Protein chains: 2
Amino acid sequence: MDGQTALDTDAARPRVNNRRAGILNAAAYRFRRQGYAATTMRDIASDAGMLAGSLYYHFKSKTALLIAVHEEGVRRIADAVDSAVIAADPADPWKRLEAALAAHLNSLLDGGDYAQVVIRDLPADEPELRATLIKLRDDYEDRFRALVDALPLSNKQDAGWLRLILLGAANWSKTWYRPDGTPPAEIAAHFIRIVKNGETPGSTT
Amino acid sequence: MDGQTALDTDAARPRVNNRRAGILNAAAYRFRRQGYAATTMRDIASDAGMLAGSLYYHFKSKTALLIAVHEEGVRRIADAVDSAVIAADPADPWKRLEAALAAHLNSLLDGGDYAQVVIRDLPADEPELRATLIKLRDDYEDRFRALVDALPLSNKQDAGWLRLILLGAANWSKTWYRPDGTPPAEIAAHFIRIVKNGETPGSTT
DNA sequence: GTCTATACTCTGATAGAC
DNA sequence: GTCTATCAGAGTATAGAC
């Protein structure tokens with residue numbers, strides 16, 4: 001039906017990515033539901049429609065698979081947050097932060113498997129892997145640093161604590177969030193309202 | 001040497017607890033550092049000075065071991081928090097909450113292995129185990145419900161959100177806390193200050 | 001390039017000697 | 001109460017057929 005073979009320049013790798021994406025999807029699906037340690041290469045291979053050994057053609061190891069899923073997850077959350085911030089009112093720093101937080105929460109709570117894997121506790125038994133994963137997350141969270149720094153706070157020192165409270169409360173929300181309860185955007189609004197009223201006593205009255 | 005056999009009423013179990021405690025300590029130590037899945041019964045047995053098979057005389061399974069560690073961990077955190085609340089000013093609900101949060105943070109961050117195991121992500125692959133563990137934690141967190149309900153909030157609806165923000169931020173702190181940084185009690189004070197100023201605009205000025 | 005077959009190690013758990 | 005011996009299964013990874 002198509003002329004695939006005609007596209008086979010060695011610089012491009014169109015078909016390989018299909019396979020890679022399928023494996024990555026399967027890995028994300030399993031890691032999210034079972035956790036990294038409890039997921040077997042046979043599980044992932046089965047979901048991807050191949051046998052365990054075949055995975056090693058595409059990924060060097062189970063660890064490499066986890067890192068790839070994390071990278072993709074962070075990328076997706078970051079894209080969602082960036083889009084939300086761009087769409088938000090440039091003149092209102094609090095609204096911009098709230099938009100970012102809402103997008104962050106939405107990704108974690110209702111997002112796909114990739115986003116959820118990022119938020120799970122990191123495997124503590126492999127220090128090198130752990131360092132790689134933490135670096136990925138920290139780079140992402142830097143954009144929240146910029147957002148809270150832009151806030152008109154009465155005490156500039158509070159920016160750091162504000163970031164930690166907001167991000168911490170958000171990341172922990174996966175333990176109590178219910179799909180039929182308060183939606184992510186509303187959760188973000190509540191969070192922001194409570195910390196905001198404390199920081200800008202003049203602007204709300 | 002001793003008259004142990006004379007104490008052998010079936011209601012008491014004095015000698016068994018010694019061995020049990022040693023095994024539990026070893027399990028907590030390993031679970032904290034390696035996580036549940038990556039810890040083997042052989043690891044625990046080795047630390048406890050026995051062989052793997054011998055563990056099964058004291059505990060039915062690896063799962064039973066994890067539950068026992070969780071129970072002990074929750075009990076220790078709860079005791080620390082209760083003591084702190086009792087020692088706090090009965091007339092100042094905010095101070096009481098801050099004292100509880102400080103004790104909670106201190107247990108998680110500088111506490112022993114038991115407390116740290118409780119805060120780690122739960123094994124997702126065993127639904128029944130997960131439910132048991134979540135119930136343990138929820139029962140503990142109920143005391144924070146009482147503490148925030150006692151707060152003189154301008155909007156009583158905020159009590160629930162306040163609890164979620166504080167506990168979430170606290171539980172997430174293990175990912176950024178550094179032993180040589182801000183101590184737990186100060187972290188608690190910062191957290192409380194930021195959310196408090198937002199909720200009692202009249203009482204601080 | 002992709003998959004089958006398989007190697008080898010380690011896991012949680014059991015049975016029975018002591 | 002602890003140990004020895006062992007099991008059946010699952011783990012990651014490789015070699016080589018196709």
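What lies 3.4 Å from a phosphate oxygen of DNA strand D? Select A:Thr40 to find out: a polar side-chain atom of A:Thr40 is at that distance from the strand. A polar contact here is a pair of N or O atoms within 3.5 Å; within protein, one atom must be able to donate a hydrogen and the other to accept it, and residues adjacent in sequence count only if both atoms are side-chain atoms.

The model is predicted: local features need pLDDT of at least 70, side-chain atom pairs count only at pLDDT 80 or more, and totals for chains, interfaces and linings use all residues. Residues are numbered from 1 along each chain as its sequence is written, chains are lettered from A and ligands numbered from 1 in the order in which they are written, and side-chain values use heavy atoms, with hydrogens and water left out.

**Stop 1: DNA strand D**

Remain at strand D and select B:Ser54, which places a polar side-chain atom 3.0 Å from a phosphate oxygen of the strand. Proceed to B:His58, where a side-chain N or O atom is 2.6 Å from a phosphate oxygen of strand D. Next, colour the elements that each give two or more residues to this surface: helices H2 (41-48) and H3 (52-58) of chain A, and helices H1 (16-34) and H3 (52-58) of chain B. Helices (H or I, at least four residues) are DSSP runs numbered from the N terminus, as are strands (E, at least two). H3(B) gives the most, with three residues.

Now display the 15 residues around strand D, of which A:Thr40, A:Arg42, B:Arg19, B:Tyr57 and B:His58 come nearest. A residue is near a strand or molecule if one of its heavy atoms lies within 4 Å of it. Of the strand D atoms within 4 Å of the protein, 61% belong to sugar or phosphate and the rest to bases.

**Stop 2: DNA strand C**

Turn to strand C, which 15 residues surround; the closest are A:Arg19, A:Leu51, B:Thr40, B:Met41 and B:Tyr56. Select A:Arg19, whose side chain has a polar atom 2.6 Å from a phosphate oxygen of strand C. At B:Met41, show the backbone: one of its N or O atoms lies 2.8 Å from a phosphate oxygen of strand C.

Which part of strand C is 3.0 Å from an N or O atom in the side chain of B:Arg42? It is a base nitrogen. Of the strand C atoms within 4 Å of the protein, 58% belong to sugar or phosphate and the rest to bases.

Finally, highlight H3(A), which supplies the largest share of the surface near strand C, four residues.
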